[in-house]
Amino acid sequence: MRKLDLIGVLFTVFFTVRAESINRQNPGSVAVIGGGIAGLKAASMLHAAGYNVTLLEASDRIGGRTHTIWFGNESYTELGAEWVHGERNNSIFQLMNPLGVLQPRGQLREFGTDYGLPSGVWLQSNLTSNMREYLNYTWFDPEDWREEVHINVSQGVWARYVLERFNRTYHITDDPEMFEAIYDWAHRTSNAEESATSWFDVSGNDWGDRYIWLYGEPDVRWKPPYSYHTLAQFILSGSISEDGNFTLPDYIKLNQKVESIQYSTNGQTVNVSTQDETYSVDHVIFTGSLGVLKANHATLFTPPLSTRKQLAINNIGFGSVIKIAIEFAEPWWTPTFEGLFPVWNDIDYSNETLHYWRLDLTDAELATEYDGIPLWVRAILTLFNVDSGSAPNVLRAWVAGNPARFLDRQNSSYIQTHVVNAMRQFLSSQFPNITEPINLYKSNWGEDSNFGGTYSYRRVESDAENVWAADLGTPILNLATNKPLVCFAGEATHPHYYSTVHGAYDSAVREVDRIVAWGKMD
Ligand SMILES: Cc1cc2nc3c(=O)[nH]c(=O)nc-3n(C[C@H](O)[C@H](O)[C@H](O)COP(=O)(O)OP(=O)(O)OC[C@H]3O[C@@H](n4cnc5c(N)ncnc54)[C@H](O)[C@@H]3O)c2cc1C
């Protein structure tokens, strides 16, 4: 080593040690990137612990993938997260339920209790209850079936096996066309659950011990007038109000898209740059979605992320769902109607041109009409009034996967025309006076560059490449001191609660604890 280098090293060591001793008296500075639930929780915790926090949010609002919109006569709907999934060990349930703002209710399968055919006929209840039982077996009690089928398969292959066996045992239907139509309905249900285009892309292990379902009501709702906005309000202000109004803390900076994060594994600080400013901070917590990482990790991080993290980013799934809310002047349905699942028994499922779930489908194919119905309409999971408490004049339709991304790019009147046509086809036998809608509200998760989709799922490829949510959550440390330089939070980083709000929240607590624990080290 040359003498000059040695002086340089001693100089660096002196100032490093000094900087660290300053940090330990004074917790230090943190840039939290993203103002979704993970970012809000991380920033509020760090602020309370005395850190100098700056939260940089690219868009003009907080909440991220929780997004409550108000319209009309004080009606509101959720364009993002809807339910609180589970009660026991669910930090969102435990945080908010004591405030009386939640409304535990039936499970997802209780929604859309009716199933209808394109002819307008609604299915018999013994058939539909068998279908729900099948769904239970497949999703909630997979262990019984698991030993009999090789588990390293896609959900689609597994579901086919389970449905065939279930049909043999319970005779759901002996009609081969109806059997295929029910399999197709289950496929759409899974796609919406996973936000995937195809259940042949989703790991069969995902129905087993990876994602953990929490005990209690699996689909707890907010009690009107409360909503997911109430959660953001409570995290930031420690209080709630019926109108949801509160003042954002000064440490939150909206309209600040982070364009670069520069770090060195020998360094003490990280530089975070937006178009306007560069922040030099002790720690960063990055909470942008997996969709944002897929699109931007190569330009965002200097030096590039580790090979393993890149492998995880590329191979863990991140799909999309579109939520379409159609408002009418008043309901033309009865109060007891909860919704309807379309079951398309009028098509030849061996005809691959009709497979709306093919991964390589083009926009032109999705728009192609068969018997006057665009292919994407067959991807609609449900037509339901899940908002009956908060938006009584609204019916909603959900579509998942590539058809959802396609609809993100279409104008509202095109979507409205075809969704209302589907309502007329499936519902008018029960409700002959379907009126013209007055408004349509829709999400845009897939096309919005701040998200690039809705939530993460495990793909068959994730298993094949042996990459995990934990790989997404691995922090970048200073190699000499283990100081957490860049931490990663957000739903996709949670090993068992990915794709949920409680997963996002818990991941933030994990990363704040990591930073605080490092600060307390001697
Ligand atoms: C349609 C839909 C339905 C859902 N349903 C449910 C449900 O019923 N129950 C449930 O528990 N979960 C549900 N989820 C999932 C849940 O909403 C998410 O898991 C959770 O909200 C993710 O929070 P997050 O903080 O990890 O990420 P996000 O909410 O994505 O927050 C990240 C933030 O980072 C910002 N950002 C991105 N890039 C940058 C950048 N370069 N610079 C600065 N800021 C940036 C984004 O604008 C965003 O605000 C649903 C999600 C969607 C979209």
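**Exercise 1. Pair two strands of the sheet.**
Task: Find how many bridges join strand S19 to strand S20, and which way the two strands run.

Solution:
- Step 1. Strand S19 covers residues 380-384 and strand S20 covers residues 394-400.
- Step 2. Four bridges join S19 to S20, and the two run antiparallel.
- Step 3. Look across the pair: phenylalanine 384 stands opposite arginine 396 in S20.
- Step 4. Keep in mind that this is a predicted model.

**Exercise 2. Lay out the whole sheet.**
Task: Write down the strand order of the open six-stranded sheet and name its edge strands.

Solution:
- Step 1. The order is S6-S16-S19-S20-S15-S21, with mixed pairing.
- Step 2. The edges are strand S6 (114-116) and S21, each of which pairs on one side only.
- Step 3. From one strand to the next, the twist averages 20°.
- Step 4. Set the sheet in its context: the protein has 16 helices and 24 strands.

**Exercise 3. Examine strand S15.**
Task: Trace the partners of S15, then decide whether its residues are buried or exposed.

Solution:
- Step 1. Seven bridges join S15 to S20, and this pair is antiparallel. Within it, valine 321 has alanine 400 of S20 as its bridge partner.
- Step 2. Four bridges join S15 to S21, again in an antiparallel pair. Here isoleucine 326 has leucine 440 of S21 as its bridge partner.
- Step 3. Count the burial: seven of the seven residues of S15 are buried.
- Step 4. Check each face. Val321, Lys323, Ala325 and Glu327 are buried on one side. Ile322, Ile324 and Ile326 are buried on the other.

**Exercise 4. Place the helices on the sheet.**
Task: Identify the strands that H7 and H13 lie across, and give the angles.

Solution:
- Step 1. H7 lies across S6, strand S15 (321-327), strand S16 (339-342), S19 and S20. Its angle to S19 is about 85°.
- Step 2. H13 lies across S6, S15, S16, S19, S20 and S21. Its angle to S21 is about 105°.

**Exercise 5. Find the nonpolar cores.**
Task: Give the number of residues in the largest nonpolar core and the residues with the most contacts inside it.

Solution:
- Step 1. The largest core holds 68 residues. Trp185, Val419 and Leu427 have the most contacts inside it.
- Step 2. H7 supplies the largest share of this core, eight residues.
- Step 3. Take leucine 427. Beyond its neighbours within four places in sequence, leucine 427 contacts Trp122, Trp332, Phe337, Leu340, Leu395 and Ile434.
- Step 4. Another core lies apart, with 39 residues. Among them are Phe93, Tyr228, Ala504 and Tyr505.
- Step 5. The general rule: in soluble globular proteins, nonpolar side chains tend to be buried together.

**Exercise 6. Compare three salt bridges.**
Task: For three of the salt bridges in the structure, state where the partners sit and how exposed they are.

Solution:
- Step 1. Start with the total: the structure holds 21 salt bridges.
- Step 2. Arginine 160 and glutamate 180 meet at 2.9 Å, N to O. This pair links distant parts of the chain: arginine 160 is in helix H6 (residues 155-170), glutamate 180 in helix H7 (residues 176-194), 20 residues apart. Arginine 160 has 23% relative accessibility, so it counts as partly exposed. Glutamate 180, at 23%, also counts as partly exposed.
- Step 3. Glutamate 447 and arginine 409 meet at 3.1 Å, N to O. They too link distant parts of the chain, 38 residues apart. Glutamate 447 sits in the loop between strand S21 (439-442) and strand S22 (456-457). Arginine 409 sits in the loop between helix H12 (402-408) and helix H13 (412-427). Glutamate 447 is partly exposed at 39%, and arginine 409 is partly exposed at 40%.
- Step 4. Arginine 514 and glutamate 511 have their closest N and O atoms 2.6 Å apart. Both lie in helix H16 (residues 501-520), three residues apart, about one turn of the helix. Arginine 514 is partly exposed at 29%. Glutamate 511 has 0% relative accessibility, under the 20% cut-off, so it counts as buried.
- Step 5. Add the network: salt bridges with shared partners join Glu82, Arg221, Lys323, Asp387 and Arg396.

**Exercise 7. Describe the protein overall.**
Task: What share of the 522 residues is buried, and how much accessible surface does the protein have?

Solution:
- Step 1. Buried residues make up 56% of the 522.
- Step 2. The accessible surface comes to about 21,800 Å². Carbon and sulfur atoms account for 51% of that surface.
- Step 3. Consider contacts between residues at least 6 apart in sequence: 72% join residues at least 24 apart.

Methods: Residues numbered from 1 in each chain as written. Predicted model: local features only at pLDDT ≥ 70, side-chain atom pairs only at ≥ 80, totals over all residues. Heavy atoms only, no water. Salt bridge = Lys/Arg side-chain N within 4 Å of Asp/Glu carboxyl O. Buried < 20%, exposed > 50% of the residue type's maximum accessible area, 1.4 Å probe, protein only. Core = buried A, V, L, I, M, F, W, Y, C linked by side-chain atoms within 4.5 Å. Contact = heavy atoms within 4.5 Å. Areas by Shrake-Rupley, 256 points an atom, 1.4 Å probe, with all protein chains shown as cover. Pairing = 2+ DSSP bridges. Axes fitted to C-alpha atoms, helices over the stretch in contact; angles between N-to-C directions.
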